[in-house]
Every structure is written in C-alpha cells, then in structure tokens.
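Here's a quick walk through a model, one piece at a time. Keep the 3D view open and follow along.

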Amino acid sequence: MRSSAIAYMDSPLGRIKIVGDDDAIKMVSFTDGEESNTMESVPLVVRNCKKQLKEYFEGKRKKFNVPLAPEGTAFQKEVWNALLQIPFGKTSTYAKQSVTLGDIKKIRAVGTANGKNPIAVIIPCHRVIGTDGSLTGYAGGLDKKEWLLRHENSMPGQNQTSLFNEF
C-alpha cells in the first residue's frame, strides 16, 4: 500500500484538503484550519489535482482529468461513476440517478452514496438536486452547493436559465 500525501489549497469556498498518492486522488474535501502539506515532496497527481481545482475555481476548467481512486463499496463507486457523467453546467436529480442505475427504488441509497462522496467538486455530487429543483443535501453545506452550481452556470457562454435543467 502506497503512503498518501496530503496537500491543502485555498478556494473561494474555503480551505480544501487533497489526499492522494503517486497513482490517484483518494479524497478532496472542504476543511477548516491552517494545515500545511504533510510531505516535502507532493506526488505529481496531487499537484495536478491542485492545479486543476485552481483552474476550475478561476473559471478556466470545466473537466478534470486526474486519476481518481475513491474508497467505498461497489454500489457507492457505481453511483460516483454515474455522477461523473453529469456534464458541467447541468444538473440531475436523485430520481434520475436512480433510474440511470437501474432502479427508481434505489433513490435513498443513491442519496446516501452521494453524501459519502469522498472527492468533492471533481466527482460532482453538487450537480444532483431534488426533483422539485430544490437544493438538497451536500456534505460541504448547501451554501457551497449553491455556489458551485452558480459558478458552473456563470461560465462564458452558459445560459443562466439552465441552472436547474435536468441532465
């Protein structure tokens, strides 16, 4: 098992913690505090992740291309992979995600898996909203979810009315 490195960065939403190794990103989360990197040498994958997040927050990036290796159950990974299919500037619903995964009855399990997403922003669980268009559940807080959705909708060429259009 490779040892993970931890890096921190500031964002418009506060401090972000990035955990990864030479192969992949394991976690991206919002955090409090003034922590600093845990290793003198941060792996290239982690540095690239930090760079791509910075570009995203600056409005220069819509897609991420860092390798991901979130830890979770097989079902959670299936849900997180489905989240990666929601395009930048679009939203989906928990019901739509459940149907995509083959069973509308999985709606609560999908919601729970979204809530356990260990790679914020990059695996875009913030793009999943309630069927009625409401902002429901986000581990980072609904204020961050709303900011992320508005940020993605305010990109050059994005139509402001598309914020809550279903994917």
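Let's start with a pair of strands: β2, residues 14–20, is joined to β3 by six bridges, and the two run antiparallel. Keep in mind that this is a predicted model. If you want a spot to zoom in on, find Lys-17, which sits opposite Ser-29 in β3.

Now zoom out to the sheet around that pair. It is an open sheet of three strands, ordered β1-β2-β3, with antiparallel pairing. The edge positions go to β1 (5–11) and β3 (25–31); each has a single partner strand, so one side of each is left without a neighbour in the sheet. Going from one strand to the next, the twist averages 20 degrees.

Next, head over to the helices. Between α3 (94–100) and α4 (107–115) there's a loop, and Ile-104 lies in it. Is Ile-104 buried or exposed? Neither label fits: its relative accessible area is 43%, and because buried means under 20% and exposed over 50%, Ile-104 ends up as partly exposed. Ile-104 also has company, since a nonpolar surface patch of about 240 Å² is made by Val-99, Ile-104 and Ile-107.

Last stop, the cysteines. Cys-49 has a relative accessibility of 1%, so it counts as buried. Cys-125 is buried too, with a relative accessible area of 8%. And how many disulfides turn up in a search of the whole structure? The count is zero.

Notes:
Residues are numbered from 1 along each chain as its sequence is written. This is a predicted model: local features need pLDDT of at least 70, side-chain atom pairs count only at pLDDT 80 or more; totals for chains, interfaces and linings use all residues. Side-chain values use heavy atoms; hydrogens and water are left out. Patches are made of residues with over 30% relative accessible area and no salt bridge: like charges are joined within 9 Å, nonpolar side chains (Val, Leu, Ile, Met, Phe, Trp, Tyr) within 5 Å. Accessible areas come from the Shrake-Rupley method with a 1.4 Å probe; for residues, only the protein chains shown count as cover. A salt bridge is a side-chain nitrogen of Lys or Arg within 4 Å of a carboxyl oxygen of Asp or Glu. Helices (H or I, at least four residues) and strands (E, at least two) are DSSP runs, numbered from the N terminus. Buried means under 20% relative accessible area, exposed over 50%, partly exposed in between (1.4 Å probe, protein chains only). A disulfide is a pair of cysteine sulfur atoms within 2.5 Å. Two strands pair if DSSP finds at least two bridges between them. Axes are lines fitted to C-alpha atoms, for helices over the stretch in contact, and angles run from 0 to 180 degrees between N-to-C directions.
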